[in-house]
2 protein chains.
Amino acid sequence: MGKGEATRERILEIAEAAVLAKGFGATSIDEVIAEAGLTKSGFFYHFKDKNALAREMLRRYVATNDQLFDEIFARGHQLSDDPLQAFLISLKLLAETMADLPNGHPGCLIASICYQERLFDREVRELTAQSVRDWNARFRKILDGIAAVYPPREPVDLDDVADMLSCIVDGAIIMSKTLNDPSRLERQILIFRSCVKLMFAPQSS
Amino acid sequence: MGKGEATRERILEIAEAAVLAKGFGATSIDEVIAEAGLTKSGFFYHFKDKNALAREMLRRYVATNDQLFDEIFARGHQLSDDPLQAFLISLKLLAETMADLPNGHPGCLIASICYQERLFDREVRELTAQSVRDWNARFRKILDGIAAVYPPREPVDLDDVADMLSCIVDGAIIMSKTLNDPSRLERQILIFRSCVKLMFAPQSS
DNA sequence: GAGAAACCGTACCGTGAGTACAGTTTTGGA
DNA sequence: TCCAAAACTGTACTCACGGTACGGTTTCTC
């Protein structure tokens, strides 16, 4: 890794924390470069403009999240051969992971971008849309596996159930931040888990 | 209503549409006053600064939403004496109301503020927190009424279920906007409705 | 040791928030 | 109908921020 790449990473790390804390519009390049210890010229050497910064931040964020999901769902699959049990275990792991974040979840970049859409170009917005679609498809695939074994009790659209997880997480992050109570995120994931159980698990007193 | 009050309302209406479309930071006072047809001096005569504008926008937004919930849940209560049925009807009405919005839900002001928190003062943030708490309490009260008649199947925390509705709605709004598909919001509310049914309704094939 | 990569410094432009303050029109009530 | 308050207008600033331009300098790497 060249020195330039390291600087880029440092900038992205600092920028992401700032953006999640106060929004993209309120994050000034000046403060980022001050913390990163370089000049404006240095910044624009690495990023054409603020949009380029957003694009790279987003790529980083999506990659990190993808990796987290890979790990968590692989682990669930390791611990149980039953697709429903594996998913329930993974959701538990996800909840725990979120609960273990030191200062609560810092925020969802996609949601942050969503509420400031006009600040970004089409490429950035297309990137957010695609990653949401990918996550939904991933969850949908898991649900397909479950539904094949356990026919859902209520007639539910599996696409909607898949979407639900992303919605719950994004919504819970907002509530956590608004109420300054990190525990809400964990609890919402667990409530979703209960819903999945109710939908698919066979009757058990 | 004096002329000043009418101007204030006009500014708030224009500002809300702009803020939900592109975020608070990206909404300039200049463009708002241009559309409202008054000068900068005129604007600052009504609002001390941008924070004061946010505060009033928020008050307006919360009041409108409160009224919507009042209507929808009152209507549900009219149509059925059974607390569970009444809630399920209300959720259906809520879903329909959201589906009927011409260009999809314009966005949640609380979420928008959440992701740009540092732009706002403590009073604004306290206002968002309080309205979320109020909405959660309202839903919780309804769930209490239901649980008294229909003991929940899974051991669920009713506070969490109450929170869930807000989370789902906020999350679904983000997904709707990100994917440019307004129907997601309606479908998520209906999926939540299915979950409530599964939690409380007695076994029915 | 040379050339490319990774910066620094300085000076500049446009836009938007916000201030200051004096002047003008509009409005509602005695 | 007049008068005072309310509701503005106009001008002229300030400061911060995004972004550009460009020449110079250091630092790596082959």
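How many salt bridges are there between chain A and chain B? I looked this up before anything else, and the count between the two chains is 6. I note here that the model is a predicted one.

**Entry 1. The contact between the chains**

I took one of the bridges across the contact as an example. K197(A) forms a salt bridge with E154(B), and their closest N and O atoms are 3.7 Å apart. I recall the general point that side chains of opposite charge can pair when their charged atoms come close.

I then asked how many residues each chain brings to the contact. Chain A gives 51 residues and chain B gives 51 residues. Between them the chains bury about 4500 Å², and 66% of this is on carbon and sulfur atoms. On the side of chain A, I looked for the three residues that supply more of the buried area than any other three. They are Y115(A), C167(A) and L198(A), which supply 17% of the area that chain A buries against chain B.

I compared the interface residues of the two copies. Since 100% of the interface residues of chain A are also interface residues in chain B, the copies meet through the same surface.

**Entry 2. How the copies are related**

I superposed chain A on chain B. The turn is 180°, the shift along the axis is 0.0 Å, and the RMSD is 0.1 Å. The two copies are therefore related as by a two-fold rotation axis. I also looked for the residue of chain A whose C-alpha is nearest the axis, and found G171(A), at 2.1 Å from it.

**Entry 3. R133(B)**

I next examined R133(B), which is found in helix α7 of chain B, residues 122-149. Is R133(B) buried, partly exposed or exposed? Its relative accessible area is 33%, so R133(B) is partly exposed. Leaving aside neighbours within four places in sequence, I found R133(B) in contact with L179(A) and E126(B). I also checked R133(B) against E13(B), which is 120 residues apart from it along the chain; their C-alpha atoms are separated by 25 Å.

**Entry 4. Aromatic pairs**

I counted the aromatic pairs over all chains and obtained 16. One of them joins F69(A) and F73(A), a tilted pair with 6.1 Å centre to centre and 40° between the planes. Both residues lie in helix α4 of chain A, residues 50-79, and they are 4 residues apart, about one turn of the helix. F69(A) is buried, and F73(A) is buried as well.

In chain B I looked at F73(B) and F87(B). They form a stacked pair, with 6.1 Å centre to centre and 20° between the planes. F73(B) lies in helix α4 (residues 50-79) and F87(B) in helix α5 (residues 83-99) of chain B, so the pair ties together parts that are 14 residues apart in sequence. Both F73(B) and F87(B) are buried.

Which residues do ring pairs link into a cluster with F69(A) and F73(A)? I found F87(A), W135(A) and F139(A).

I also checked for charges over rings. K50(A) lies over the face of F24(A), at 4.7 Å from the ring centre. In chain B, K50(B) lies over the face of F24(B), also at 4.7 Å from the ring centre.

**Entry 5. Salt bridges over all chains**

I counted 32 salt bridges over all chains. In chain A, D49(A) forms one with K48(A), the closest N and O atoms being 3.5 Å apart. D49(A) is partly exposed, at 27% relative accessible area, whereas K48(A) is exposed, at 69%. In chain B, K48(B) and D49(B) form a salt bridge with their closest N and O atoms 3.4 Å apart. Here K48(B) counts as exposed at 69% relative accessibility, and D49(B) as partly exposed at 27%.

I then turned to D121(B) and R55(B), which form a salt bridge with closest N and O atoms 3.4 Å apart. D121(B) lies in the loop between α6 (109-114) and α7 of chain B, and R55(B) lies in helix α4 of chain B, so this pair ties together parts that are 66 residues apart in sequence. D121(B) is partly exposed, with a relative accessible area of 26%, while R55(B) counts as buried at 17% relative accessibility.

Last, I traced salt bridges that share partners in chain A. They join R8(A), R55(A), E56(A), R59(A) and E123(A) into one network.

Technical notes:
Residues are numbered from 1 along each chain as its sequence is written. Chains are lettered from A and ligands numbered from 1 in the order in which they are written. This is a predicted model: local features need pLDDT of at least 70, side-chain atom pairs count only at pLDDT 80 or more; totals for chains, interfaces and linings use all residues. Side-chain values use heavy atoms; hydrogens and water are left out. Copies are superposed by least squares on the C-alpha atoms of residues with pLDDT of at least 70 in both. Contact means heavy atoms within 4.5 Å. Rings of Phe, Tyr and Trp (its six-membered ring) pair if their centres lie within 6.5 Å; planes under 30 degrees apart count as stacked, over 60 as edge-to-face and the rest as tilted. Helices (H or I, at least four residues) and strands (E, at least two) are DSSP runs, numbered from the N terminus. Buried means under 20% relative accessible area, exposed over 50%, partly exposed in between (1.4 Å probe, protein chains only). A charge sits over a ring if NZ of Lys or CZ of Arg is within 6 Å of the ring centre and within 35 degrees of the ring normal. Buried area is the accessible area (1.4 Å probe) that two parts lose on being put together, summed over both. A salt bridge is a side-chain nitrogen of Lys or Arg within 4 Å of a carboxyl oxygen of Asp or Glu.
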